[in-house]
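Here are my notes, for when you have the model open. I'll begin with confidence and then go through the parts I'd look at.

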Amino acid sequence: MVAYDLALDELRPNDTEKKIENWPFVYDEKTEDEIGTFVKIDFVPSQGLKMINANQTLAYALQLKQV
């Protein structure tokens, strides 16, 4: 089982950083292997933040964490 979080974190040597509309997203190679090349972060009032890839909902009721 894999757990997904959204967190404020620092870029580490083996991480990848992508900026989307000036927002930095940082992830490691294992994350890309698990999620794939597409991920959507959406807000649904009844479910909170929701993370979806091309095939399925990965997590819902997410809250932004500080690492």
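1. Among the elements of the protein, β5 has the highest mean pLDDT, at 91, and β7 the lowest, at 82. Bear in mind that this is a predicted model. Over the protein the mean pLDDT is 88, with 99% of residues at 70 or more. As a general caution, coordinates should not be read in detail where pLDDT is low.

2. Staying with β5, have a look at Asn53, which lies in that strand. Is Asn53 buried or exposed? Asn53 counts as buried because its relative accessibility is 6%, under the 20% cut-off. Its side chain has polar company, too: one of its polar atoms lies 3.1 Å from the backbone oxygen of Ile35, and the backbone nitrogen of Gln56 is 2.9 Å from a polar atom of that side chain.

3. Next, the hairpin. Strands β2 (residues 16-20) and β3 (residues 23-27) run antiparallel and are joined by five bridges. One of the pairings puts Ile20 opposite Trp23 of β3. Two residues sit between the strands, and Glu21 takes a positive phi near 50°.

4. Now the largest pocket, which holds about 1,400 Å³ of space. Of its 34 lining residues, Asp5, Leu6, Phe25, Val26 and Tyr27 are the closest to the centre. Elements giving two or more residues to the lining include both hairpin strands, β2 and β3, along with α1 (29-35) and β5 (48-53).

5. What is that lining made of, by residue class? The residues split into 20 nonpolar, eleven charged and three polar.

Terms used: Residues numbered from 1 in each chain as written. Predicted model: local features only at pLDDT ≥ 70, side-chain atom pairs only at ≥ 80, totals over all residues. Heavy atoms only, no water. Pairing = 2+ DSSP bridges. Helix = DSSP H or I, 4+ residues; strand = E, 2+ residues; numbered from the N terminus. 1 Å grid on protein atoms, 1.4 Å probe; cavity = no way out; pocket = protein on both sides within 12 Å on 5 of 7 lines; lining within 4 Å. Points joined across faces, edges and corners; volume = space filled by probe spheres on them. Nonpolar A, V, L, I, M, F, W, Y, C, P; charged D, E, K, R; others polar. pLDDT = per-residue confidence, 0-100. Buried < 20%, exposed > 50% of the residue type's maximum accessible area, 1.4 Å probe, protein only. Polar contact = N/O pair within 3.5 Å; in protein donor to acceptor, adjacent residues only side chain to side chain.
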